[in-house]
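Please open the structure in your viewer and keep the selection panel at hand. The stops below go from the whole chain to single side chains, with a selection to make at each one.

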Amino acid sequence: MRRRALAQVQERARQLRQEQTPAEERLWEALRNRRLDGYKFRRQHPIGRFIVDFFCAEAMLIVEVDGAVHDRQAEYDQLRADVLQQLGYRLLRLRNDQIESHMDAALEEIRRCLFRDTCN
């Protein structure tokens, strides 16, 4: 059963890579191939039963890109963040409009999180 669940999460992650939002696509272009200060990021990366938008293993940093749907699921997002933080990951949430309108500021916020122990 566990193996099947993990396979389903991996398959869903592959699907999400094909269905990125415009903000996710734009951020991925800035992060891919170690473009941000040499740090390697993965997109739509499974961590346990969760799929995170962007992940830097070296810094244990998760970057989530939130659109309007997250306004309706704040409680779930907080529970998910709590679980991931208990596992030792640091989490940064950026809004779609931050990325679309203020990409330089969004990248600077990611940089700050890469070099600090906490985000936000």
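Among contacts in the protein between residues at least 6 apart in sequence, what percentage join residues at least 24 apart? The share is 61%, in a model that, it should be said at the outset, is predicted.

**The whole chain**

Begin with a cartoon of everything, coloured by secondary structure, where five helices and four strands should appear. Followed from the N terminus, the elements come in the order α-α-β-β-β-α-β-α-α. If you align the view to the principal axes, the C-alpha trace spans about 45 × 30 × 30 Å. A compact globule with 120 residues would have a radius of gyration near 14 Å, and the 14 Å of this protein agrees with that. Colouring by relative accessible area next would show 41% of the 120 residues as buried.

**The nonpolar cores**

Now select Leu27, Leu31, Phe41, Leu61, Ile110 and Leu114, which are the residues with the most contacts inside the largest nonpolar core, a set of 24 residues. The elements that give two or more residues to this core are α2 (22-31), β2, β3 (61-66), β4 (90-95) and α5 (103-115). Of these, α5 contributes the most, namely six residues.

Keep Phe41 selected and expand to its contacts, leaving aside neighbours within four places in sequence. Its partners are Trp28, Leu31, Leu36, Phe54, Phe55, Cys56, Val63, Ile110 and Leu114. One of them, Phe55, also leads onward, since a second, separate core of nine residues includes Phe55, Ala81, Tyr89 and Leu91.

**Leu94 in strand β4**

Move next to Leu94, whose place is in strand β4. Is this residue buried or exposed? Leu94 is buried, with a relative accessible area of 1%. When residues up to four places away in sequence are not counted, Leu94 touches Val63, Glu64, Val65 and Asp66, as well as Ile99, Ala106, Glu109 and Ile110. A distance label drawn from the C-alpha of Leu94 to that of Asp66 should read 6.1 Å, although the two residues are 28 apart in sequence.

**Salt bridges**

Asp66 makes a convenient bridge to the charged side chains, of which a search of the whole structure finds nine salt bridges. Select Asp66 together with Arg93, and you have one in which the side chains meet at 3.0 Å, N to O. Arg93 lies in strand β4 and Asp66 in strand β3, so this pair ties together parts that are 27 residues apart in sequence. The two partners sit in unlike surroundings, for Arg93 is partly exposed at a relative accessible area of 23%, whereas Asp66 counts as buried at 6%.

For a pair within one helix, select Arg111 and Glu108, whose side chains meet in a salt bridge at 3.6 Å, N to O. These residues are three apart in helix α5, which means that about one helical turn separates them. Arg111 is partly exposed at 24% relative accessibility, and Glu108 is likewise partly exposed, with 35%.

Then select Glu29, Arg32 and Arg35, which are linked in a network of salt bridges. Within this group, the side chains of Arg32 and Glu29 meet at 3.2 Å, N to O. Arg32 is partly exposed, with a relative accessible area of 28%, and Glu29 counts as partly exposed at 41%.

**Asp53 in strand β2**

The last stop is Asp53, found in strand β2, which covers residues 50-56. Which side chain of opposite charge is nearest to Asp53, and how far away is it? It is Arg80, at 6.3 Å, and Asp53 is buried yet has no salt bridge; a side-chain nitrogen would have to come within 4 Å of a carboxyl oxygen to count as one. To see a polar partner instead, show the backbone atoms of Val65, whose nitrogen is reached by the side chain of Asp53 at 2.7 Å. Expanding the selection to residues in contact with Asp53, again not counting those up to four places away in sequence, brings up Glu24, Arg42, Arg43, Gln44, Val63, Glu64 and Val65.

How values were computed:
Residues numbered from 1 in each chain as written. Predicted model: local features only at pLDDT ≥ 70, side-chain atom pairs only at ≥ 80, totals over all residues. Heavy atoms only, no water. Buried < 20%, exposed > 50% of the residue type's maximum accessible area, 1.4 Å probe, protein only. Lys, Arg positive; Asp, Glu negative; His and termini not counted. Polar contact = N/O pair within 3.5 Å; in protein donor to acceptor, adjacent residues only side chain to side chain. Contact = heavy atoms within 4.5 Å. Core = buried A, V, L, I, M, F, W, Y, C linked by side-chain atoms within 4.5 Å. Rg over C-alpha atoms; globule rule 2.2 N^0.38 Å.
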